[in-house]
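Grab a pencil and work through the exercises below. Each one sets a task, then walks through a solution.

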2 protein chains.
Amino acid sequence: MVRKPTSKETARKPNMREAILAAAEELFATNGFNAVSVRDIAQAAGANPGSVTYHFKTKDGLLLEIYRRHCGPMNLRRSELLAAARRVRDLQDRLEAVVRAYVAPAFTSGSDLAGGGARFTRLRAVMSAEGNEVTRKIIAQTFDDTSHAFIDAIHDSLPHLPRTDIVWRSHFLLGALYYSLVTPDRVSRLSRGEADGNDAASAIEQLVQATVAAFQAPALDQAAPARRRPVVSSKT
Amino acid sequence: MVRKPTSKETARKPNMREAILAAAEELFATNGFNAVSVRDIAQAAGANPGSVTYHFKTKDGLLLEIYRRHCGPMNLRRSELLAAARRVRDLQDRLEAVVRAYVAPAFTSGSDLAGGGARFTRLRAVMSAEGNEVTRKIIAQTFDDTSHAFIDAIHDSLPHLPRTDIVWRSHFLLGALYYSLVTPDRVSRLSRGEADGNDAASAIEQLVQATVAAFQAPALDQAAPARRRPVVSSKT
DNA sequence: TGATCTTTTGTACGATAGTACAAATCACAT
DNA sequence: ATGTGATTTGTACTATCGTACAAAAGATCA
């Protein structure tokens, strides 16, 4: 016997609402927020423009709901992976595990919530580039905790490294991560087909190894910048 | 005696045209292309909306002209710095010089063409995130040569490293570079004020050192992925 | 000064944007 | 079967978009 929902439960037909969310996510992530109209989204979802207003009130509300849907699961997954990574004994291995815990969830593919990490991360990249006000707040609120936890974990593996350097390097990591999802074709193009920028596994491996090495670089004491080598030397 | 221009020369009053270009560059770089209207630009430049149409025909034409203005000088400067860097004898030092030659011109500040590297680079970052068609072509045409020259120079300093790895890591470099210009405040926030994300000198030093270390990481043979360490280990 | 060309201004047009809202339709409990 | 609340549809309103274009203003030279 199938349970009969009490009619106040979520929705009778969750299909359309989900379809709109999925279509909006895809379109926003590839074209930016302002370039996509509500009518574009409705058409891609096979819905009526009025349906979008009904479910999400405004275009900003739709964007906000996409974030609400993803932030929880993704941060949860990262927390789990990070906790597991911190239990690795060897410091070198732990560093790699921590970085991987940060990177891997951002590359997961698929259409469901747990699997759509790549699309959502790309959306975040595009929104941060556009300087979107709506998402900047939610990002700072939701992701700064995760970032701090990640930074702390790195600091555990590299106790000698000043926190400042860790912040900079993890910032570079996020930038590289974003860009890999935004413009993967550039990798294929520059490598003349030898590498596939759209291959998530390759991207993860490359990004993890490069980032681990970057974190392991010696500290930059800003107090005494030892040898500031000029780029243009008159001779030699 | 001041030379009298023959009236067909450039323009009588270059001020307004330049003001529009500068205002558009600033607004596009901070808000994205689609979020900024021609009227916004005109108002910021103290001009009439019709003036934008007169000078640049269309909004796309205005964007294109911004790129035309900057691509030449920036690539020229990079070529000079790269040529100087390649003359450095010590391989380790040369690698750092090459990376610095790539990074430094992207951070120059100022309002003129030679100094506005940071604003223009930020614009490129935003445009690539928005997936803008107009700029994608001109970027691929204009910057791929520079990228290849840069990759070749890296390859000279690190002959053992497969080209594939160099492409990936230089891709990460560009992503980190973009992101540092797009969201500098995040660095200040995450470091709780200890670091200043808006300080170009710090950003350059941090980025160069981290990137050099990343390039120096051992090669990733994709043929035989040696020890693929799982992130989640059941125990230890 | 008057003729001519360049630049700026003011305004208007058609297209499309986000959103509101009433009517139609659907799902389901009674 | 029918009433009821949830959802979808169709449409319309207002604002703003990019762009066009004629008129005004400014500059240059005979």
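**Exercise 1: the interface**

How much area do chain A and chain B bury between them, and what part of it is on carbon and sulfur atoms?

Solution. Keep in mind that this is a predicted model. Start with the area: about 6500 Å² is buried between chain A and chain B. Then split it by atom type, and carbon and sulfur take 60% of it. Next, look at who takes part: chain A brings 67 residues to the contact, and chain B brings 67 residues.

**Exercise 2: polar links across the interface**

Find the salt bridges and polar contacts between the two chains.

Solution. Begin with the charged side chains. The rule, a Lys or Arg side-chain nitrogen within 4 Å of an Asp or Glu carboxyl oxygen, picks out two salt bridges across the interface of chain A and chain B. One of them can be checked by hand: R189(A) and D144(B) sit 2.7 Å apart, N to O. Because that distance is within 4 Å, the pair passes. Now widen the search to polar contacts, and eleven residue pairs turn up between chain A and chain B, both partners at pLDDT 80 or more.

Which elements of chain A supply the side that touches chain B, at two or more residues each? Go along the chain and you get helix 1, helix 4, helix 5, helix 6, helix 7, helix 8, helix 9 and helix 10 of chain A. Helix 8 of chain A gives the largest share, 15 residues. Sort the residues on this side by type and they come out as 30 nonpolar, 19 polar and 18 charged.

**Exercise 3: symmetry**

Work out how the two copies are related.

Solution. Lay chain A on chain B: a turn of 180 degrees with a shift of 0.0 Å along the axis does it, at an RMSD of 0.0 Å. The two copies are therefore related as by a two-fold rotation axis. Finally, compare the surfaces: 100% of the contact residues of chain A recur in chain B, so the same surface serves both copies.

**Exercise 4: the fold and one residue**

Describe chain A, then place A23(B).

Solution. Count elements first: chain A has ten helices and zero strands. Of its 236 residues, 50% count as buried. For contacts in chain A with a separation of 6 or more, 71% join residues 24 or more positions apart.

Is A23(B) buried or exposed? Its relative accessible area is 10%, and since the cut-off for buried is under 20%, A23(B) is buried. A23(B) lies in helix 1 of chain B, residues 14-31. Leaving out residues up to four places away in sequence, A23(B) touches I41(B), A44(B) and A45(B).

Conventions:
Residues numbered from 1 in each chain as written. Chains lettered and ligands numbered in written order. Predicted model: local features only at pLDDT ≥ 70, side-chain atom pairs only at ≥ 80, totals over all residues. Heavy atoms only, no water. Contact = heavy atoms within 4.5 Å. Buried area = accessible area lost by both parts, 1.4 Å probe. Polar contact = N/O pair within 3.5 Å; in protein donor to acceptor, adjacent residues only side chain to side chain. Helix = DSSP H or I, 4+ residues; strand = E, 2+ residues; numbered from the N terminus. Nonpolar A, V, L, I, M, F, W, Y, C, P; charged D, E, K, R; others polar. Least-squares fit on C-alpha atoms with pLDDT ≥ 70 in both. Buried < 20%, exposed > 50% of the residue type's maximum accessible area, 1.4 Å probe, protein only.
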